[in-house]
Amino acid sequence: MDVSQWAIDLKLAPADRDRLGGLIRSGSTPQKLVPRARIALLSDGTRLNGAIAREVGVALPTVHRWQRRVQEQGVDGLLRDKTRPSRIPALAPEVIERVVEMTLQEPPGEATHWSSRTMAAASGVSGTSVRRIWRAHGLRPHRVRTFKLSRDPKFVEKVQDVVGLYMDPPQHALVLSVDEKSQIQALERTQPGLPLAKGQPATHTHDYTRHGTTTLFAALNVLDGTVLGQCAARHRHQEFLRFLNAVEAAVPVGKVVHVILDNYATHKHPKVRAWLEKHPRWVFHFTPTSASWLNAVEGFFAKLTAKRLRRGSFRGIVDLQAAIHRYIAEHNKTAKRFVWTADPDRIIASINKAKRASGAGH
């Protein structure tokens, strides 16, 4: 008798037999795995390999292959195929380097950036290869980030001052991050949208009716994360003074108030300065120009926009303002202390590096 026909006992453990049986019975098992599992279960030393091949409906070498795989790698070896070399030859290193160098240069013609198709046509390689090279080298020519470097001559001093308030606030004092979110539009969608469903995202119409705008003045208490907000029709020093008076009335007597805010002209208006002179417990700390990201309340504004405003539909200004105040009230119920984690020295070093790179590029 041919030795290839001999019965083989794979000596499977009961747990492995249960696992293979589950694969055979499961309707979600890939079909290529079912014959492998049957071969392993039938290889119990009582059946010849030829009989196993006929019962499973495969060739005899297939039975030998999966029996060897189980002997070498166990049951897990049945669940994956061996990796096979691609029939397409790999790109030469100089070709890859040429694609990378071309990507870092401006594209020809009037295009502002490379696409995989234009790069494939220009370099003579396939679009799939271009995308693979870009992915391996971390190149994303289709994406662009916006930025603006601060040119404030007191940038370092102001960063250290503001971050110092976040990380080590003075005792018996209040640290408030103050700013305005202006031009919040009361947009009403022209038709009701469809709700979220399985396989169907929520929808809203692309068109809308404008009912005007409002401005939100907000003060984030860095120590506990709560927000005091006030909506106003306009964005002037008069409205800012009314907001300061509202905050003044809400702050306990005897507390020094340190306020972090940006360099907007409203915050430096002569009447605002006069108000500060009448309220000596208030101290303003200005962020560097073009550095509003340093103001903690901007994070609250971003959440307000993403969670309440962007998808909202408002019948008018009153409806919009009511929704904003409800969101603030809800936020304050679970507010947490603002924690600053970025190292100011690393921020300053990163800005200096960006300035050097920008100067070299222009």
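**Exercise 1. How α9 and α10 are oriented**

In this predicted model, work out whether helices α9 and α10 are roughly parallel or roughly antiparallel to each other.

*Solution.*
Step 1: Pick out the two elements, helix α9 (residues 237-250) and helix α10 (residues 270-278).
Step 2: Get the axis geometry; the two axes come within 9 Å and cross at roughly 20°.
Step 3: Angles under 35 degrees count as roughly parallel, so α9 and α10 are roughly parallel to each other.
Step 4: Add the handedness, and the crossing of α9 and α10 turns out right-handed.

**Exercise 2. Who makes the contact**

Find which residues of α9 and α10 make the contact, then sort them by class.

*Solution.*
Step 1: On the α9 side, go through H237, F240, L241, L244, N245 and E248.
Step 2: On the α10 side, the partners are K271, V272 and W275.
Step 3: Sorted by class, the contact of α9 with α10 has 5 nonpolar, 2 polar and 2 charged residues.

**Exercise 3. The surroundings of R69**

Is R69 buried or exposed, and what does its side chain reach?

*Solution.*
Step 1: Locate R69, which is found in helix α4 (residues 60-73).
Step 2: Check the relative accessible area of R69, which is 7%. Buried means under 20%, so R69 is buried.
Step 3: List what R69 touches, leaving out residues up to four places away in sequence: G74, G77, L78, R80, D81 and K82.
Step 4: Zoom in on G77, since the R69 side chain reaches the backbone oxygen of G77 at 2.9 Å.

Definitions and conventions
Residues numbered from 1 in each chain as written. Predicted model: local features only at pLDDT ≥ 70, side-chain atom pairs only at ≥ 80, totals over all residues. Heavy atoms only, no water. Helix = DSSP H or I, 4+ residues; strand = E, 2+ residues; numbered from the N terminus. Buried < 20%, exposed > 50% of the residue type's maximum accessible area, 1.4 Å probe, protein only. Contact = heavy atoms within 4.5 Å. Polar contact = N/O pair within 3.5 Å; in protein donor to acceptor, adjacent residues only side chain to side chain. Axes fitted to C-alpha atoms, helices over the stretch in contact; angles between N-to-C directions. Parallel < 35°, antiparallel > 145°, perpendicular 65-115°, else oblique. Left-handed = near helix turned anticlockwise from the far one by under 90°. Nonpolar A, V, L, I, M, F, W, Y, C, P; charged D, E, K, R; others polar.
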